[in-house]
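Colleague: I would like a close look at a single part of this model, taken slowly. Please pick one hairpin, and then work outward to whatever surrounds it.

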Amino acid sequence: MIHALVPLSMYSVRYELAFGRPYGRFEELLLHAVAENARGSRFAELRECFQLHDRLLTEGLVTLIQEGWVAMEQVEKEIHYLVTEEGRETVASGRRPSNLKVRSRHATIVRERLTGQLAAAKDLIVVSAARLRGANGRSVWREALRPRMSRMAVNGGEVERFLPRGVDGRQEWIRWIDSATRVSQDLHYLPVRVDTEERRVLGLPYNWLHLEPLIVDEVEERAEALSDEQFQEDIRELIRSTASRASRRARDARTVTAESSFAVTTGTCDDIALTAAESRAAATGVLDRCSGHALLVVGRLTADSARGVRDAVVRLVSRGVQVDLLWSSADHERTKEAFSVLSAARAQATAPGAVVFNTVSAQLPADLLLATTSSGPEAVVGPALTCTESGTLNPSIRLTDRAVLAALARLAAGWWTAYSDSTGTLPPFRWKHFAEEWAGEAAISAAAPEPRECRHTPGTRCTGELTLLTGPRHRIVESELSAEPGPRLLVADGLSTVGEVTDGMMAILPAAVGSRYRIFGGREGWRIMRRTVDGWIPPSTPDFAPASPLTRIVAVRDRWLVHSAGGEESSLAYVMAGHLASTAWKRTS
């Protein structure tokens, strides 16, 4: 084992926590009804006014009494409810009653300087450069792993899940993420142990496991310099002294799978689109229902797909919708052509400022549609607007969970700030405010309705888990799925040929993975590999929808991972699990 130091940047994040709740329309009307009667209202009079069950009316009165807006007074043998001075001020202000309280907090977040991913400082054993210098008197910079990125800004959407909340048993939620100030860079390090023979790294948090190959490769390359006995002993001693103070935080990184998730929610089969035509229909439905504002994040834009985006923007603007568009293009030579197509949407806009978009490619491999509708916010994750090949396997998911949409709005606001040019300063603030609004609504929303019977599988409840991932975390999940024993495995990547996908996966898959069936898809078709007692038989060619050039899919029995095709990065990916994955298998085959 060789000890190595992962360089870190450290940030102080200021944010606001909210608890309590803004009261509903009923409490507002009840307070007004009590205030209208100067002599006080009797319970029977309020029952006659609202025509509600006594229990609901009692709960409403108790709520107003606890807040100090209504008081009880006994007149002869009857209880009268009277408005207090504070309650009268609430009525006069015209605002809805609320006991919402907000407090400010600070948290320390660290970013590893190899790929730029985040973690909470409290969950790591961090050593400072000053302590390391004090131990050996040498420059730490020479003996630490080399930084590979210089990204400085912190995206509030990415940092949200690392922020502490919910003290003293209170139900709290993130109301606002104010600022993130960089405290240090390369002055703190995460010590890890590297096993070059097994190609494993111990000491990484779960959501940094994608760093293993990078760290192992560099340690092998610099083995002689990093193996200095005195240096290794100094690190071991520092780890022992630091770990003794932080032992309560020590955890097995490979069991903390929740840290890999950006957000988790539930969905039904109606929220899942598998083909490009279904995805486009899902996006069109959300756009048709949109009123007010829409945010389009479009990855890998081409001149052809830009025309579809332009038409969607023009339709929205014609209905008075404010559209914020953040686009990127992998085809640098045709970026100007795509941009000119988008510029036509602004030229056709019926109101000045109705369309805001970046003028330089954002280089952001993500696809997201986020819209306000009369029934609440909705989102579609996946290349639903840009896939021009209707018959391809091109999944997307529709989301309506306000807590998840608030997180997505914060994430998108951070993307706009980090990746957009100077055009349009309002979109980040606009979507941060939507995030604040939706997070508050999610905190007081009623429980989700009971799932209904699935139309694809009668007798089964139609519900399953959806997990959103950001950054390179999809690589961790893909590694897990590619090592998970099971009878079947599906891998599809429309940017590669079916032969390239087949050869690449067959060379690395353990025997227990896809032990009976391995299904591989590329841009020109599919292969099914079947194994018998005598070994793998010649592949067959199923009549599946071709793989989309925009997505990569890795699926096992009860999980489907979907992320952007091409390259290793994906700024937004998702996993369908349980019933949703089982139904996806059934519909695909």
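Modeller: Strands E15 and E16 form a hairpin, with four residues between them. In the turn, glycine 376 has a positive phi of about 125 degrees. Bear in mind throughout that this is a predicted model.

The pairing comes next. E15 covers residues 368-373, and E16 covers residues 378-381. The two strands run antiparallel and are joined by four bridges. One of the residues to follow here is leucine 368, whose bridge partner in E16 is valine 381. E15 also pairs with strand E12 (residues 290-298), again antiparallel, through five bridges. Leucine 368 takes part in that pairing as well, as the bridge partner of valine 297. E15 is thus bridged to E12 and to E16.

How enclosed is E15? Six of the six residues in this strand are buried, so the rest of the structure largely encloses it. Its side chains split into two sets: Leu368, Leu370 and Thr372 point one way, while Leu369, Ala371 and Thr373 point the other way. Both sets are buried.

Two of these leucines can be followed into nonpolar cores. Leu368 belongs to the largest nonpolar core, which has 59 residues, and is listed with Leu399, Leu408, Trp415 and Leu468 as having the most contacts inside it. Helix H14 (residues 402-419) supplies the largest share of this core, 11 residues. Apart from it lies another core, of 29 residues, and Leu369 is among its members, as are Leu301, Leu325 and Val355. Leu368 and Leu369, which point opposite ways from E15, are therefore found in separate cores. As background, nonpolar side chains in soluble globular proteins tend to be buried together.

Leucine 408 ties several of these pieces together. Leaving aside residues up to four places away in sequence, leucine 408 touches Leu368 and Leu370, and also Ala379 and Val381. Its other contacts are Phe262, Leu399, Leu468 and Leu572. Val381 is thus a contact of leucine 408 as well as the bridge partner of leucine 368.

For a second covered element, look at helix H18 (residues 579-588). This helix is mostly covered, with seven of its 10 residues buried. The buried ones are His579, Leu580, Ala581, Thr583, Ala584, Trp585 and Thr588.

Conventions:
Residues numbered from 1 in each chain as written. Predicted model: local features only at pLDDT ≥ 70, side-chain atom pairs only at ≥ 80, totals over all residues. Heavy atoms only, no water. Core = buried A, V, L, I, M, F, W, Y, C linked by side-chain atoms within 4.5 Å. Buried < 20%, exposed > 50% of the residue type's maximum accessible area, 1.4 Å probe, protein only. Contact = heavy atoms within 4.5 Å. Pairing = 2+ DSSP bridges.
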